[in-house]
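Visitor: I would like to learn how to read a structure of this kind, step by step. Could you show me where to begin?

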There are 2 protein chains.
Amino acid sequence: MVNKVKIARIEKDLTQAQLAQKIGVTRQTIGLIEKNEYNPSLQLCVAIAKTLDKTLNDLFWEDEK
Amino acid sequence: MVNKVKIARIEKDLTQAQLAQKIGVTRQTIGLIEKNEYNPSLQLCVAIAKTLDKTLNDLFWEDEK
DNA sequence: CAAAAATGTAATATATAGTTTACATAAAGT
DNA sequence: ACTTTATGTAAACTATATATTACATTTTTG
């Protein structure tokens, strides 16, 4: 299943590098988050959400089953 | 202003130590988060939220102004 | 197809989240 | 007042998020 950060980023027509730069983080960091390969800090999650006009729940809360 | 994790924890009648134990983390870690003295990882935020029957937004998303 | 742009990935380095141990203070209970 | 129980705090340690550099692969575009 595709990562929600990736979907939201593409909806905004941003590359990983552009999103990273807006947030002040490395392109690799965004890449790893989109591959669910690590556990970002809360501040980073908030920064991503704000930049993509989403909330924490939108991007990082698991769907109800 | 009082931290939302603290409020939710007290509503559930848990001590810092009890909450910490349920989550599998140290009492000090909970204490520091409640004092906004650090930047927890996403996984920890999710664990706290689930344990307190809240969502990420409930506990970690800033109030609309 | 060829060139450019975007993304994957890996090694090494650094900052900081989270642990452990320990003690001090505050709050609650008897 | 005394004794528990809960919370604050601090130093030293460990684990891991994130940076940096670099190159490989995939995707897009002319």
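Visitor: How many residues of chain A are in contact with chain B?

Guide: Two residues are in contact if their C-beta atoms, placed from the backbone, lie within 7 Å. In this predicted model, 11 residues of chain A are in contact with 11 residues of chain B. On chain A, α4 (42-51) and α5 (56-60) each supply at least two residues of the side that touches chain B, where helices are DSSP runs of H or I, at least four residues long, numbered from the N terminus.

Visitor: How are the two copies related?

Guide: Two copies of a chain are related by a rotation about an axis and a shift along it. Here a rotation of 180 degrees with 0.0 Å of shift along its axis superposes chain A on chain B, with an RMSD of 0.0 Å, by least squares on the C-alpha atoms of residues with pLDDT (the predictor's confidence in each residue, from 0 to 100) of at least 70 in both. The two copies are therefore related as by a two-fold rotation axis. In chain A, the C-alpha nearest the axis belongs to Ser41(A), 2.1 Å from it.

Visitor: Which residues are closest to DNA strand D?

Guide: A residue is near a strand if its C-beta atom, placed from the backbone, lies within 6 Å of it. DNA strand D is surrounded by 17 residues, and the closest are Thr26(A), Thr29(A), Pro40(A), Ser41(A) and Thr15(B). With 3 residues, α3(B) gives the most to this surface near DNA strand D.

Visitor: What are the average pLDDT of chain A and its share of residues scoring at least 70?

Guide: Chain A averages a pLDDT of 93, and 94% of the residues score at least 70.

Notes. Residues are numbered from 1 along each chain as its sequence is written. Chains are lettered from A and ligands numbered from 1 in the order in which they are written. This is a predicted model: local features need pLDDT of at least 70, side-chain atom pairs count only at pLDDT 80 or more; totals for chains, interfaces and linings use all residues.
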